[in-house]
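Hi everyone, thanks for coming. Could you please put the model up on the screen?

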Number of protein chains: 2
Amino acid sequence: MTTAAPVPSSRELPHPTCEEIRLEGVLHALSDPVRLGIVRELAAEGVALACSHFDVPVSKSTSTHHFRVLRESGVIRQVYEGTAKMNALRRDDLEALFPGLLDTLLTAATRQADRGSEV
Amino acid sequence: MTTAAPVPSSRELPHPTCEEIRLEGVLHALSDPVRLGIVRELAAEGVALACSHFDVPVSKSTSTHHFRVLRESGVIRQVYEGTAKMNALRRDDLEALFPGLLDTLLTAATRQADRGSEV
DNA sequence: GACGTACTACGATGCCTATCGTACGAGCCG
DNA sequence: CGGCTCGTACGATAGGCATCGTAGTACGTC
């Protein structure tokens, strides 16, 4: 069962520790539709995804910016894997800090999305 | 029992309908520390409070701005009562739109505040 | 009517941020 | 090595927003 520990590349990225994660920062990060969409997709898939996987309606450089905001606010963890940069929700950390928050937010986002599509 | 139905003044203020309330807007409104503090106090008191009741660390005009953001995002309802402007959480509306969200957010905010004061 | 209080409107300012294009670096593959 | 893909860095830009001070309006009270 050599699950191929996916060889995290050399370059490391700075992440906030749990103590450094601020609720205001998380809320601000999720208050942007593009970033909320990214987080929703990450949650839906349940696994780490490369930046290129997402179909965001912005340019590549803007996309990079949004991923950085998510990382610096403590919402996602980013790790290089070859040329790809894998993104994973920091579910456990967020759950420990703000119990139930992520799930409630995701549910709220889904409800709103359903609301909109019920034309 | 003339509970003095508090005579809402003539001037009316525009509020978003429930359909118009956007999750992103709510999150953005609450991502500011001043506004989050206002909402926390409103929730703690449980009743409508005049703007002047709050001890915010900003000027009066900035305070007005924050209350407007909260109103326009659908988080609070504002009604004039004489010279005072009463502010109330739109608990029921928010609960209907995003079940559990407000309470989860308030709990998260409290936890974070406690974290900080545990020196 | 005169005064005080509560809040607003307006204009200014400086910062933050979402957006882009272009040029570049890091790793894979042939 | 040469090229390809993925993502970054940088600079520019335009709009948003938190902040303030001042001047003004609405309302209650004397």
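I'll talk about how the two protein chains relate, and then about one DNA strand.

First, some housekeeping: this is a predicted model, where local features need pLDDT of at least 70, side-chain atom pairs count only at pLDDT 80 or more, and totals for chains, interfaces and linings use all residues. Residues are numbered from 1 along each chain as its sequence is written, chains are lettered from A and ligands numbered from 1 in the order in which they are written, and side-chain values use heavy atoms, leaving out hydrogens and water.

So, how do chains A and B relate? Chain B lands on chain A, with RMSD 0.0 Å, after a rotation of 180 degrees and 0.0 Å of shift along the axis. (The fit is by least squares on C-alpha atoms of residues with pLDDT of at least 70 in both copies.) The two copies are thus related as by a two-fold rotation axis.

Now, DNA strand D. Around it sit 25 residues, and Thr64(A), Lys85(A), Ser59(B), His65(B) and His66(B) come nearest; "near" asks for a heavy atom within 4 Å. Of the strand D atoms that come within 4 Å of the protein, 75% belong to sugar and phosphate. That surface has 5 nonpolar, 14 polar and 6 charged residues, with Gly counted as polar, and Asp, Glu, Lys and Arg as charged.

Which phosphate contacts can we point at? A polar side-chain atom of His66(B) is 2.2 Å from a phosphate oxygen of strand D. For Arg35(B), a side-chain N or O atom is 3.2 Å from one, and for Cys51(A) a polar backbone atom is 3.1 Å from one.

How values were computed:
A polar contact is a pair of N or O atoms within 3.5 Å; within protein, one must be able to donate a hydrogen and the other to accept it, and residues adjacent in sequence count only if both atoms are side-chain atoms.
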